[in-house]
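Work through the exercises below with the sequence and the model open. Try each task before reading its solution.

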There are 2 protein chains.
Amino acid sequence: MTLRFSVIGLAHTHVYGATRQLLNAGAELVSVASPDLDALARYTGEFPQAQVVTDADAILEDSRIQLVIGMPRPDERAALGMRVMGHGKDYLAGKPAFTTLEQVQTARKIQQETGRKFMVYFSERFANPATVKAGELVAAGAIGSVIHTLGIGPHSLNHASRPDWFFSREQGGGILNDLASHQIDQFLYFTGSTSAEIVTSQIANYQHPQFPEFDDFGDLVIRSDRAAGYVRVDWFSPGGLGAWGDVRLFLTGTEGTIELRKIVDVQGRPGGNHLFLVNGSQQEYINCSDMPLPFGAQVVADVRNRTETAIPQAHTFLASELALQAQIRAVRVAGESLQHPPLS
Amino acid sequence: MTLRFSVIGLAHTHVYGATRQLLNAGAELVSVASPDLDALARYTGEFPQAQVVTDADAILEDSRIQLVIGMPRPDERAALGMRVMGHGKDYLAGKPAFTTLEQVQTARKIQQETGRKFMVYFSERFANPATVKAGELVAAGAIGSVIHTLGIGPHSLNHASRPDWFFSREQGGGILNDLASHQIDQFLYFTGSTSAEIVTSQIANYQHPQFPEFDDFGDLVIRSDRAAGYVRVDWFSPGGLGAWGDVRLFLTGTEGTIELRKIVDVQGRPGGNHLFLVNGSQQEYINCSDMPLPFGAQVVADVRNRTETAIPQAHTFLASELALQAQIRAVRVAGESLQHPPLS
């Protein structure tokens with residue numbers, strides 16, 4: 001039977017990638033709801049099969065729908081997920097799915113009670129073929145045990161294009177919770193860690209005093225029983241790059257290394273999805289641009305078979321919780337010293 | 001008048017680069033002393049003008065000598081420096097120059113009392129044209145204010161080629177003190193920081209239980225009043241790289257970024273010294289291989305004019321002290337839980 005899904009909220013363009021992956025896996029897009037009429041017009045221009053509904057409740061009540069993609073404002077994503085699960089449907093949230101630790105705790109509880117799925121679309125892994133390929137290589141033992149992951153996530157700000165909530169700590173969730181959650185997900189995934197701690201984290205507003213609740217820099221050290229990781233994210237990706245950010249991932253294994261240039265290869269090869277593998281005997285370059293993305297098909301299978309191939313439930317909550325902990329405990333090293341109420 | 005220098009100790013091949021830089025700047029190599037006869041033969045094969053003296057004291061007492069390069073075992077470098085300064089000569093130590101905090105304190109005191117120079121040869125900056133070029137670009141404002149430095153220093157172990165002291169924590173100084181001191185030097189240099197703190201540091205022995213005092217992994221977060229930095233060093237650089245390590249430096253500025261591939265460009269351009277600059281309007285690749293290294297001439301001028309153009313005295317001690325603090329305070333995350341006496 002075809003999986004039918006709908007979309008509630010269009011607050012981030014990640015909704016396009018998530019939609020395409022499900023469509024490519026044979027799922028059927030039924031309907032979409034969003035208070036943002038411009039975003040609705042763009043989305044239905046791309047996916048005309050989506051029926052526009054004015055009330056999100058109509059989607060929750062629609063018994064044809066098995067899965068809801070939730071992409072409202074970050075601080076509204078968890079609450080929507082609770083309602084989706086409460087209506088017997090599975091949920092694929094945009095990242096970040098949570099803006100307070102209390103939301104994570106409640107979602108864990110309702111997920112267990114309902115047996116529904118609460119998944120997060122970590123696009124820097126699920127939408128990036130080079131990262132998928134790296135996962136296959138690591139699983140095949142190509143670099144031995146992964147003892148360190150290093151992720152760099154610079155982003156272009158283009159602040160005029162950003163909605164107001166983007167600059168609100170309460171509504172946007174903060175730079176580490178928003179951007180570093182990708183690399184926390186990848187640390188857990190590539191090292192096979194099922195628990196971890198944030199060793200230290202920092203946030204700063206170096207250059208954007210006009211946005212007092214905004215941070216343009218953040219970093220963290222994460223550690224598990226088998227590996228350590230470092231993540232740096234920032235909003236300083238320069239305009240001359242010609243891409244939204246030079247996102248990198250370095251994996252250090254006991255028998256080799258992998259570097260990913262996910263988005264761009266500065267003054268190098270065209271396009272993105274560049275994988276560089278070095279082992280004990282050789283170097284290898286692998287262009288992963290044309291490799292398939294399994295995420296959509298995995299989600300469709302997981303919804304049908306109640307399996308956890310796309311993203312295990314415990315992993316979803318752990319990665320989200322660690323990103324929030326990093327954000328909440330971060331030491332502010334530059335910018336407004338204004339003490340905001342903690343996010344949880 | 002020609003600067004005359006001698007060499008005491010040949011425990012690291014960095015002595016070759018330091019010697020060449022001084023010779024290229026017109027200095028005269030007078031003599032060399034080392035208990036390692038094989039190393040002596042190799043060194044005098046390369047620099048036949050160096051007169052071999054069996055007693056290092058003869059160099060200290062030689063009134064012709066203005067500068068001594070000190071490259072004995074790491075734990076002997078500071079004590080040698082005190083004697084060199086006590087004999088009215090300037091000192092250029094191999095890195096790491098110190099293995100205890102007490103050594104740093106004593107060296108600071110004697111340096112102030114004697115007015116002699118205690119310099120450290122941080123080769124990943126002074127012997128690397130790409131790093132020199134990056135310094136010029138940053139000083140010229142090419143990327144605005146540097147708010148973050150990220151240094152990766154993987155090294156090949158080749159353990160059969162290493163002397164016994166290399167695997168002794170007391171004699172070798174530890175992985176962070178040894179390898180990460182390079183990147184701590186570069187953090188201070190590129191951010192213009194004159195004080196800094198080690199926020200957190202970790203060490204681990206993941207894969208070499210046969211060397212219980214050795215660590216094959218270390219990392220740290222450093223912070224000043226204007227920037228933050230991260231350093232990861234390890235002994236896992238894989239054999240297939242075809243070089244001793246893929247040393248990288250990423251500078252994040254408020255107006256642009258610089259990446260250095262110091263030693264190798266995996267599956268890319270031949271050789272080392274690759275600089276990638278991105279600013280608000282463009283990307284640029286600069287091959288720095290043929291650019292001159294100013295360090296030797298700066299040292300010669302500093303000795304003559306009592307200036308501090310090569311490496312300021314306060315910077316030398318601060319970088320060394322921070323590397324030691326990172327080492328001493330590091331949390332052990334894998335390997336022998338054996339508690340060694342602290343290095344200071």
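The exercises go from the chain pairing to the interface, then to helices and backbone details. The model is predicted.

**Exercise 1. Relate the two copies.**
Find the turn and the shift that lay chain A on chain B.

*Solution.*
- Step 1. Start from the general case: two copies of a chain are related by a rotation about an axis and a shift along it.
- Step 2. Here the turn is 180° and the shift along the axis is 0.0 Å, with an RMSD of 0.0 Å.
- Step 3. The two copies are thus related as by a two-fold rotation axis.
- Step 4. Now check the surfaces. Of the interface residues of chain A, 100% are also interface residues in chain B, so the copies meet through the same surface.

**Exercise 2. Describe the interface.**
State how many residues are in contact, how much area is buried and which residues of chain A lose the most area to chain B.

*Solution.*
- Step 1. Count the contacts: 50 residues of chain A touch 50 residues of chain B.
- Step 2. Take the area. About 4000 Å² is buried between the chains, and carbon and sulfur atoms give 58% of that.
- Step 3. Pick out the main contributors in chain A. A:Tyr206, A:Gln267 and A:Gln283 lose the most area to chain B; together they make up 15% of what that side buries.

**Exercise 3. List the polar links across the interface.**
How many salt bridges does the rule find between chain A and chain B?

*Solution.*
- Step 1. The rule finds 2 salt bridges across this interface.
- Step 2. Inspect the pair A:Glu259 and B:Arg248. Their side chains form a salt bridge, at 2.4 Å from N to O. The cut-off is 4 Å, so this pair qualifies.
- Step 3. Add the polar contacts: 20 residue pairs across the interface, both partners at pLDDT 80 or more.
- Step 4. Sort by class. The side of chain A that touches chain B holds 21 nonpolar, 17 polar and 12 charged residues.

**Exercise 4. Judge the burial of two helices.**
Decide how far helix H7 of chain A is enclosed, then look at helix H4 of chain B.

*Solution.*
- Step 1. Helix H7 of chain A covers residues 129-139. Of its 11 residues, 9 are buried, so the helix is largely enclosed by the rest of the structure.
- Step 2. Name some of them: the buried set includes A:Pro129, A:Val132, A:Lys133, A:Leu137 and A:Val138.
- Step 3. Look just past H7(A). There A:Gly141 has a positive phi of about 85°.
- Step 4. Turn to helix H4 of chain B, residues 74-86. Its buried residues include B:Asp75, B:Arg77, B:Leu80 and B:Met85.
- Step 5. Just after H4(B), B:Gly88 has a positive phi of about 75°.

**Exercise 5. Find the unusual backbone geometry.**
Which peptide bond to A:Pro96 is cis, and what is the phi of A:Asn273?

*Solution.*
- Step 1. Recall the background: most residues other than glycine have a negative phi, and most peptide bonds are trans.
- Step 2. The bond from A:Lys95 to A:Pro96 is cis, with omega near 0°. A:Pro96 sits in the loop between strand E5 and helix H5 of chain A.
- Step 3. Check chain B. The bond from B:Lys95 to B:Pro96 is cis, with omega near 0°.
- Step 4. A:Asn273 has a positive phi, near 65°. Its place is the loop between strands E12 and E13 of chain A.
- Step 5. A:Asn273 has a relative accessible area of 12%. Buried means under 20%, so A:Asn273 is buried.
- Step 6. In chain B, B:Asn273 has a phi near 65° and is buried, at 12%.

Technical notes. Residues numbered from 1 in each chain as written. Chains lettered and ligands numbered in written order. Predicted model: local features only at pLDDT ≥ 70, side-chain atom pairs only at ≥ 80, totals over all residues. Heavy atoms only, no water. Contact = heavy atoms within 4.5 Å. Buried area = accessible area lost by both parts, 1.4 Å probe. Polar contact = N/O pair within 3.5 Å; in protein donor to acceptor, adjacent residues only side chain to side chain. Nonpolar A, V, L, I, M, F, W, Y, C, P; charged D, E, K, R; others polar. Buried < 20%, exposed > 50% of the residue type's maximum accessible area, 1.4 Å probe, protein only. Helix = DSSP H or I, 4+ residues; strand = E, 2+ residues; numbered from the N terminus. Least-squares fit on C-alpha atoms with pLDDT ≥ 70 in both.
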